[in-house]
Amino acid sequence: MQHPDPHTPVAEDAIDDVVSRVLSRAGTAVDPQTDEHSSHDGDQYDLEDRRALRRVAGLSTELEDVTEVEYRQLRLERVVLAGLWTSGTATDAENSMRELAALAETAGSEVLDGVMQRRQKPDPGTFLGAGKADELRAIVAATEADTVICDGELSPSQRRGLEDIIKVKVIDRVALILDIFAQHAKSREGKAQVELAQLEYLLPRLRGWGDSMSRQAGGRVAGGAGIGSRGPGETKIELDRRRIRTRMAKLRREISGMKPARETMRSSRHRNAIPSVAIVGYTNAGKSSLLNYLTGAGVLVENALFATLDPTVRHALTPEGRSYTFTDTVGFVRHLPHQLVEAFRSTLEEAAEADVLLHVVDVSHPDPEGQLAAVRDVLADVDTSEIPEIVALNKADIADPFVVERLRQREKHAVVVSARTGHGLEELREVIAGLLPQPNVDIDVLLPFSRGDLVSRIHDHGDILELSHVAEGTRVHAKVRSDLAGDLVDFAV
């Protein structure tokens, strides 16, 4: 494909149109006032706690008259977005910028402006070209922005080069996502995983100002004399790197120490032959809302990216009465930082150990196929290729019917649902029940009345074909899984 010259008026107009459309929609993607909760979402105490102290925009902190009362605010960080259009269509570039704006708002910032450049590849020194970097500096000065967020992963040299030109803080998409995870992690394991990912990201990006990172340890080093001043010594930046590596090693040990507890709970479910369904999907696709509707879990629901991070396990029943569990996992996003994938690998194992994957897709999103591909790319790292997958086309009540039908025809096990209205959820329960491991061992047993526990297990985890009560006990003809059949072999008729 021949790329147009980035300096032609046509290309500049197309880029300006994309940026203007993104900024015109900024603030709506994650507006907390658009949250709609149903009775299935529970009391949402976690959401109330998260909003107990919110930043307020529009209040002046400058004292104009000493006789006035000074009002102070917790000011939103003011940011400017910068992106590259390297491939694909204008719609793809627009979706990426819109997602970056939503991520910035979730992190607690106010999007002021944005720039986009059409390039074959990022500039190795400044990410954007030198001319666009100068334009960006002028925009930052005019808007009085605090931060520039780049839609991509910056190398340490690119970040340093861009900061030297525009004179404000520069972060990339990876740092932004890590910041959101750090805000929303609640459990001890989640906090440890996020901190590990942040330190892995920070380690190659340590930067000193002037000679502050070149100081050597020792006594009277500055004077060039004294015990401890001889030899090369250890510079400040080497000391910081060593401390970070030490902390990372400790965090890895802590996360490894938490793994047995999770494996114990998982093995308990396997021992009791309880099938599991892992809910996976793109962030803000409606996974928690769907879990609340299906199980009454009361998990936090918010119109924000990465609102919930910690996995939640809840019990459910098939229409026939067999038990199984739902596990709500962390959401995914395009270009999910590999540091997070590695740090949350222990959590993603819940999906790898599941019997069925329930893949939730926001079918009202401009690019639902892109969401599907992004999630499957991450799941490929934990090898879920052999697990049956159900695609729940969520938010169908506000989606384009043509898009809904297109995806329904494309995906093998697709169910059109709406977690807000409840549409299609009964069909979804039936499809889940059909894909769960089925009892396949035929048993005919006579259980004494003292073994009511075995009768209960057959009810919960098997399909009863015939049941009758006789003088000697309870006669049961049923189909069960092999592990339960082993416990019943002594009572066979």
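This is a guided tour of one protein chain, with a suggestion at each stop of what to select in the viewer and what can be found there.

**The whole chain**

Begin with the full chain on display, and keep in mind throughout that this is a predicted model. The chain holds 16 helices and 13 strands, and 47% of its 493 residues count as buried. If you consider the contacts between residues at least 6 apart in sequence, 70% of them join residues at least 24 apart.

**The parallel sheet**

Next, select residues 77-85, which make up strand E1, together with 109-118 for strand E2 and 169-172 for strand E4, and add residues 147-150 for strand E3. These four strands form an open sheet in the order E2-E1-E3-E4, and their pairing is parallel. E2 and E4 are the edge strands, each of them pairing on one side only. On average, neighbouring strands here are turned by 25° against each other, when direction is ignored.

Now colour E1 by itself and ask: is E1 largely enclosed by the rest of the structure or not, and how many of its residues are buried? Seven of its nine residues are buried, so E1 is largely enclosed by the rest of the structure. Towards E2, strand E1 is joined by nine bridges, and one pair to pick out is Trp85 with its bridge partner Arg118 in E2. Towards E3, strand E1 pairs over four bridges, where Val79 has Thr147 as its bridge partner.

**Two helices across the sheet**

Keep E3 and E4 visible and add residues 156-166, which are helix H5; this helix lies across both strands and runs at about 145° to E4. Then add residues 173-184, helix H6, which also lies across E3 and E4 but runs at about 85° to E4.

Between H5 and E4 there is a loop, and Lys167 lies in it. Select Lys167 and look at its backbone, since this residue has a positive phi of about 65° although it is not a glycine. Its relative accessibility is 64%, and because the cut-off for exposed is over 50%, Lys167 counts as exposed.

**The nonpolar cores**

Move on to Phe306 and Phe332, which are the residues with the most contacts inside the largest nonpolar core, a set of 49 residues. In soluble globular proteins, nonpolar side chains tend to be buried together. Which residues are in contact with Phe306, leaving aside its neighbours within four places in sequence? They are Leu103, Ile177, Ile180, Phe181, His184, Thr283, Gly331, Phe332, Val333 and Leu336. Apart from this core lies another one, of 22 residues, and you can locate it by selecting some of its members, among them Val277, Tyr324, Ala419 and Ile432.

**A pair of packed helices**

Select residues 287-295, helix H9, and residues 425-435, helix H14, which pack at an angle of about 85° with their axes 11 Å apart. H9 and H14 are therefore roughly perpendicular to each other. To see the contact itself, show the side chains of Leu290, Tyr293 and Leu294 on H9 and of Leu425, Leu428 and Arg429 on H14. Sorted by class, this contact has five nonpolar residues, no polar ones and one charged one.

While H9 is still in view, find the loop between strand E5, residues 276-281, and H9, where Asn284 is located. Asn284 has a positive phi of about 65° and is not a glycine. At 21% relative accessibility, Asn284 counts as partly exposed.

**The antiparallel sheet**

For the last stop, select residues 441-447 for strand E11 and 463-470 for strand E12, and add residues 473-480 for strand E13. They form an open sheet in the order E11-E13-E12, with antiparallel pairing, and its edge strands are E11 and E12. The twist in this sheet averages 10° from one strand to the next. Seven bridges join E11 to E13, and Ile443 has Ala478 in E13 as its bridge partner.

Finish on Ile464, whose place is in strand E12. Ile464 is partly exposed, with a relative accessible area of 31%. Apart from neighbours within four places in sequence, Ile464 is in contact with Ile458, His459, His477 and Ala478. From Ile464 to Ile443 the separation is 21 residues in sequence and 9.7 Å in space, taken from C-alpha to C-alpha.

Definitions and conventions: Residues numbered from 1 in each chain as written. Predicted model: local features only at pLDDT ≥ 70, side-chain atom pairs only at ≥ 80, totals over all residues. Heavy atoms only, no water. Pairing = 2+ DSSP bridges. Axes fitted to C-alpha atoms, helices over the stretch in contact; angles between N-to-C directions. Contact = heavy atoms within 4.5 Å. Core = buried A, V, L, I, M, F, W, Y, C linked by side-chain atoms within 4.5 Å. Buried < 20%, exposed > 50% of the residue type's maximum accessible area, 1.4 Å probe, protein only. Parallel < 35°, antiparallel > 145°, perpendicular 65-115°, else oblique. Nonpolar A, V, L, I, M, F, W, Y, C, P; charged D, E, K, R; others polar.
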